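I am opening a notebook on a structure that is new to me, and I want to set down what I look up in the order in which I look it up.

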2 protein chains.
Amino acid sequence: MGATLKDVAALANVHPSTVSRVLRNVENLKISEDTKERIFKAIKELNYQPDQTARSLRLKKSFTIGLIIPNVASPYFIGIARSLDAECTKEGYTLIISDTNENQEKEIKAVYDLYSRGVDGLVIAPVQDSDEHIKDLIDKKFPFVLIDRYFEKYDTNAVICNDKESAYNAVKHLIDLGHKRIGFISGRPNLYPVVERLEGYKNVLEENNLEFNQDLIFSSSPTLDDAYEASIKLMELPVPPTAILITGTIITFGVLKAIIEKKKTVPKDLSIIAFTDTILASYFMSPVSTVSHKVDEIGTKAFEILFEHMKSDDLPYSKVVIDTNFVDRNSTAKANI
Amino acid sequence: MGATLKDVAALANVHPSTVSRVLRNVENLKISEDTKERIFKAIKELNYQPDQTARSLRLKKSFTIGLIIPNVASPYFIGIARSLDAECTKEGYTLIISDTNENQEKEIKAVYDLYSRGVDGLVIAPVQDSDEHIKDLIDKKFPFVLIDRYFEKYDTNAVICNDKESAYNAVKHLIDLGHKRIGFISGRPNLYPVVERLEGYKNVLEENNLEFNQDLIFSSSPTLDDAYEASIKLMELPVPPTAILITGTIITFGVLKAIIEKKKTVPKDLSIIAFTDTILASYFMSPVSTVSHKVDEIGTKAFEILFEHMKSDDLPYSKVVIDTNFVDRNSTAKANI
DNA sequence: ACGATTGGCACAATCGATTGTTTACACAGT
DNA sequence: ACTGTGTAAACAATCGATTGTGCCAATCGT
């Protein structure tokens, strides 16, 4: 495209290597002021921009990090992306976001694509339908950090949330209000956070001597429509639940749609608590109390770990658990018994 | 990292150039089946992945496209990003999304960063506080397409919406319902779409013999808080407006917040129409009628134009206008006169 | 049987930047 | 005058893949 090192060197009447050293400001460098000036003048005159591709090739480093997430439309993942991006910028890295749309094939393609493009590290929220590509990264000792989701079978870097405990607490809140039939609507059941949340849900029921009822559990795809269907089914049960734990932002919209259609009033007719907070939760048809994730912290921590692992390959893996906040917006009330 | 062409060549007992040709499936290629087989076997054995950085350097082409948007948290821009990403994938390109957060400096940095990283083209929704970097791209004959926003002073590729007409129609809808005092709340007034929408707003007032009143106009930052403040001011006017045209998704939330706080009922007390539709609009405190943009079409069209311009440098620039849909959700009613 | 064709592959330059090693020269010390 | 030291900059290899050109042998045509 534009001017190259060579062009600058020619104009300044020096060797390209000299220009390079001046630009990179190599230590212990002995270059006369006169030469430096000529070089800087030439750079300005030619509007020289170093070719990062060439640099990357030579340095085997691209100053680029890949982020692979299942849904760029999700406020949760976008929050993480923003915070990660901010950290990257601080350190002079560029973030490449890849959206897999919860599709395993796309994720695998994204991993190899980004790897092949020479990113220095990866942050991945995996689809969790398969994991050989993850294993491959481990074998290659390629620096990466999993976020939100985690494979129990592999030791890797990971930044996850205390989903089990959060679900436990949320359901405890409902139980304390007198609810005994509590619905659970989530995305795909194989996702780590879903597994954990369901586990927390089961634990708290058991501890409070409430029976676990499979009819109240719906785990399907993380789409609005499926969540809507699930909610309708829940509400049409002979004895419907008096409260619902919702785990997912988009899923929340599906539930709201059903609530509107069934003309239920929250929290009078139905108490709900949703996982994953968004700025929007206040403006819904009925504001929703949520379990809020500290997206900034997730992004910051993930970058921190990744950055360390990019610098040296023999670090032990870190697994960090970030806790959540409960944001009460009065979408829960005492059960009508 | 992994194996290189050379390694594959050595294992297959051929010259690297031969491997390259086999891989790229060069036309009119004469390579014996035997050799091909040895090469493929070696590739598999070494798990060879071509180094895209090296390819890019040599080919002066990275199969990468940059997207620069002011806000990755905006459903509108994310919608465009997704559609663009889909198109890129179809053609074997990788999309790099850069978020400027409506910050001009960041945008300039992003442009030069991506350029320097060798993207083959750019799609930009500019901040519009300055434009020298845009001019620079024009001078360099670098392929790029503006979206949503446009500089009247430059001839460039652009995919924009018929904002003027859309605003005209939306306000006409309100006027037909008997509204005479119609507020206008928007983001930064220098943005092309804002200028256009205000123009449409003014035109329709004039054509209907209604007076333009500066007190009803609020253009500031595209934040929830500023929009909230503006709404409060509007509602506290001695004679407040009976309807509001809102231009922006986040801004809509700000207005909703004010509406909730002022305990207004939509559309009984106040009619509203918001620009930029989102799947969420149905689930707000009060559903909002919106002007919906065809984000898919914007992304598709932008890619199409960019793709053409990446192939040949002497094409005339295209400016495409995408029209909008009005989605009625009953947030407007007859004015109480 | 001998030059011409072509199939099958190797050679080497190249993309642009980086960096270990040399070179060229000035000057100081003896 | 000659060696030694240090400064300032040039030289050349390298990262990995691509591609125009060149080369050798086998086959073809007459």
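**Entry 1: the DNA side.** I note at the outset that this is a predicted model. I began with the atoms of DNA strand C that lie within 4 Å of the protein, and I found that 64% of them belong to sugar or phosphate, while the rest belong to bases. I then looked up the residues around DNA strand C, which number 27, and the ones that come nearest are A:Leu5, A:Arg21, A:Arg55, A:Arg58 and B:Thr35. By residue class, I have nine nonpolar, nine polar and nine charged residues in the surface near DNA strand C.

**Entry 2: which elements supply that surface.** I traced the surface near DNA strand C back to helices, and I find that helix H2 (16-24) and helix H4 (52-59) of chain A, as well as helix H2 (16-24) and helix H4 (52-59) of chain B, each supply at least two residues. The largest share, five residues, comes from H4(A).

**Entry 3: single polar contacts.** I looked up three atom pairs with DNA strand C, and in one of them a polar backbone atom of A:Asp51 is 3.2 Å from a phosphate oxygen. On the base side, I have a polar side-chain atom of B:Arg21 at 3.1 Å from a base nitrogen of DNA strand C, and a polar side-chain atom of B:Arg58 at 2.7 Å from a base oxygen of that strand.

**Entry 4: two residues of chain B.** Is B:Thr156 buried or exposed? I read a relative accessibility of 1% for B:Thr156, which is under the 20% cut-off, so B:Thr156 counts as buried. I place B:Thr156 in the loop between strand E4 (144-147) and strand E5 (158-161) of chain B, and among the residues that B:Thr156 touches I list B:Ile138, B:Phe144, B:Tyr150 and B:Tyr317.

I turned next to B:Cys161, which is found in strand E5 of chain B, and which counts as buried because its relative accessibility is 4%. The contacts of B:Cys161 include B:Tyr76, B:His293, B:Ile298 and B:Thr324. I also looked up B:Val295, which is 134 residues from B:Cys161 along the chain, and the C-alpha atoms of the two are separated by 10.0 Å.

**Entry 5: chain A as a whole.** I count 12 helices and 12 strands in chain A. The radius of gyration of chain A is 26 Å, well over the 20 Å that the globule rule gives for 337 residues, so chain A is more spread out than a compact globule. Along its principal axes, the C-alpha trace of chain A spans about 90 × 40 × 30 Å. I note last that buried residues make up 54% of the 337 residues in chain A.

Conventions
Residues numbered from 1 in each chain as written. Chains lettered and ligands numbered in written order. Predicted model: local features only at pLDDT ≥ 70, side-chain atom pairs only at ≥ 80, totals over all residues. Heavy atoms only, no water. Near = heavy atom within 4 Å. Polar contact = N/O pair within 3.5 Å; in protein donor to acceptor, adjacent residues only side chain to side chain. Helix = DSSP H or I, 4+ residues; strand = E, 2+ residues; numbered from the N terminus. Nonpolar A, V, L, I, M, F, W, Y, C, P; charged D, E, K, R; others polar. Buried < 20%, exposed > 50% of the residue type's maximum accessible area, 1.4 Å probe, protein only. Contact = heavy atoms within 4.5 Å. Rg over C-alpha atoms; globule rule 2.2 N^0.38 Å. Lists of a residue's contacts leave out its neighbours within four places in sequence.
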